[in-house]
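The following report concerns side-chain interactions in one protein chain, with attention to charged and aromatic residues. Please read it alongside the sequence and the structure.

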Amino acid sequence: MIPVLQTERLTLRAPSWDDFDAYAAFRGSDRAKLLGGPFTRAQAFNQLAEIAGHWTLRGYGRWMVADRETDQPLGIVGLYCPEDWPEPEIAWSVFQAGEGRGIAHEAALTARTYAYDTLGWTTAISLIDPVNTRSVALAKRMGCQSGETYEHPTYGTMHIWRHPSPEAFA
C-alpha cells in the first residue's frame with residue numbers, strides 16, 4: 001500500500017523493522033528536541049508504527065528515506081496530517097547520517113511532487129518551529145512562503161510555510 005519512490009540517490013519506501021535502530025537513535029537524541037523529544041525506544045516504536053498506520057488511515061503518509069545503493073535509513077520525509085494539524089503538510093526529519101547532503105531537499109521535493117501529481121493536492125504547508133533554522137532554510141529553498149502561525153497545544157507557536165501551488169510548476 002505504501003508506494004516506493006526513487007530519486008537519483010534515494011529510495012522513499014515503507015519503514016521496516018531493520019530501520020528501527022536508526023529511527024530510535026534519532027528520536028532518542030537531542031536532534032529530536034524540536035519534535036518534542038528526546039524519546040524512549042518504546043515511544044520511538046509507537047511513533048514508527050504511527051508512520052505506517054497513517055498510510056492506512058489517510059491514504060498517504062511519510063516514507064523512510066534510504067540511500068538508494070545501500071538502503072541505509074537517512075530520515076523520514078513525506079505527507080502528514082494528524083488530527084490536530086491545521087491542514088496536510090510536507091514534513092521532514094533527517095538522521096545524522098543524512099545531514100548536510102541535500103537529502104531532505106531531494107526527498108521533500110519528491111514527496112511534494114507525489115502530493116500534487118498523484119494525490120491531486122492543490123496546496124501544502126510545512127509547520128516549522130521558528131528556531132529550527134535548518135528547516136526554515138529548506139522551506140525557503142523549496143519556494144515556500146511564511147506569514148501565518150499555528151498555536152499547537154503541545155509544540156507551541158509554529159510557523160506555517162506554504163508551498164508553491166502546482167500551477168507554479170506548470
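In this predicted model, Arg112 is buried yet takes part in no salt bridge. The nearest side chain of opposite charge belongs to Asp117, at 9.2 Å, whereas a salt bridge requires a side-chain nitrogen of Lys or Arg within 4 Å of a carboxyl oxygen of Asp or Glu. Arg112 is located in helix H3. What joins the side chains of Arg112 and His163? A polar contact of 3.0 Å links these two side chains. His163 also appears among the contacts of Arg112 beyond four places in sequence, together with Ile90, Met142, Pro164 and Phe169.

**Arg162**

Arg162 belongs to strand E8. With a relative accessible area of 24%, Arg162 is partly exposed. The side chain of Arg162 makes a polar contact of 2.8 Å with that of Thr123. When residues up to four places away in sequence are set aside, Arg162 touches Glu87, Thr123, Ala124, Ile125, Gly143, Cys144, Gln145 and Glu148. Thr56 lies 106 residues from Arg162 along the chain, and the C-alpha atoms of the two are separated by 26 Å.

**Salt bridges**

The model contains 11 salt bridges. Three of them are set out below, with the distance between the closest N and O atoms.

| Positive residue | Negative residue | Closest N and O atoms |
|---|---|---|
| Arg13 | Asp19 | 2.8 Å |
| Arg62 | Glu50 | 2.8 Å |
| Arg101 | Asp67 | 3.9 Å |

In the salt bridge between Arg62 and Glu50, Arg62 comes from strand E3 and Glu50 from helix H2 (residues 41–58), so the pair ties together parts 12 residues apart in sequence. Are these two partners buried or partly exposed? Arg62 counts as buried, at 14% relative accessibility, while Glu50 counts as partly exposed, at 30%. Arg62 has an aromatic partner as well: its charged end sits over the ring of Tyr80, 4.1 Å from the ring centre.

The salt bridge of Arg101 and Asp67 joins the loop between E5 and H3, where Arg101 lies, to strand E3, which holds Asp67; the pair therefore ties together parts 34 residues apart in sequence. Arg101 is partly exposed, with a relative accessible area of 36%, and Asp67 is buried, at 16% relative accessibility. Salt bridges with shared partners also connect Arg13, Asp19 and Asp71 into one network. Within that network, Asp19 is buried, with a relative accessible area of 2%, and Arg13 is likewise buried, at 11% relative accessibility.

**Aromatic pairs**

A pair of aromatic rings is described by the distance of the centres and the angle of the planes. How many aromatic pairs does the structure hold? The structure holds 10 aromatic pairs. One of them is formed by Trp63 and Tyr114, whose ring centres are 5.3 Å apart; their planes stand at 90°, so the pair is edge-to-face, the cut-off for this class being over 60 degrees. Trp63 is part of strand E3 (residues 62–67) and Tyr114 of helix H3 (residues 103–118), so this pair ties together parts 51 residues apart in sequence. Trp63 is buried, with 0% relative accessibility, and Tyr114 is also buried, with a relative accessible area of 13%.

Another edge-to-face pair consists of Trp85 and Tyr155, with 6.4 Å from centre to centre and 90° between the planes. The pair links distant parts of the chain, 70 residues apart: Trp85 is in the loop between strand E4 (73–80) and strand E5 (89–94), and Tyr155 is in the loop between strand E7 (145–152) and strand E8 (156–162). Trp85 is buried, with a relative accessible area of 11%, whereas Tyr155 is partly exposed, at 33% relative accessibility. Elsewhere, Trp17, Phe20 and Phe45 make up one aromatic cluster.

**Summary of the partners of two arginines**

Arg112 in helix H3 is buried without a salt bridge, and its side chain has a polar contact with that of His163. Arg62 is buried too, but Arg62 does form a salt bridge, with Glu50, and its charged end sits over the ring of Tyr80.

How values were computed. Residues numbered from 1 in each chain as written. Predicted model: local features only at pLDDT ≥ 70, side-chain atom pairs only at ≥ 80, totals over all residues. Heavy atoms only, no water. Phe/Tyr/Trp six-rings, centres within 6.5 Å; stacked < 30°, edge-to-face > 60°. Helix = DSSP H or I, 4+ residues; strand = E, 2+ residues; numbered from the N terminus. Buried < 20%, exposed > 50% of the residue type's maximum accessible area, 1.4 Å probe, protein only. Lys NZ or Arg CZ within 6 Å of the ring centre and 35° of its normal. Lys, Arg positive; Asp, Glu negative; His and termini not counted. Polar contact = N/O pair within 3.5 Å; in protein donor to acceptor, adjacent residues only side chain to side chain. Contact = heavy atoms within 4.5 Å.
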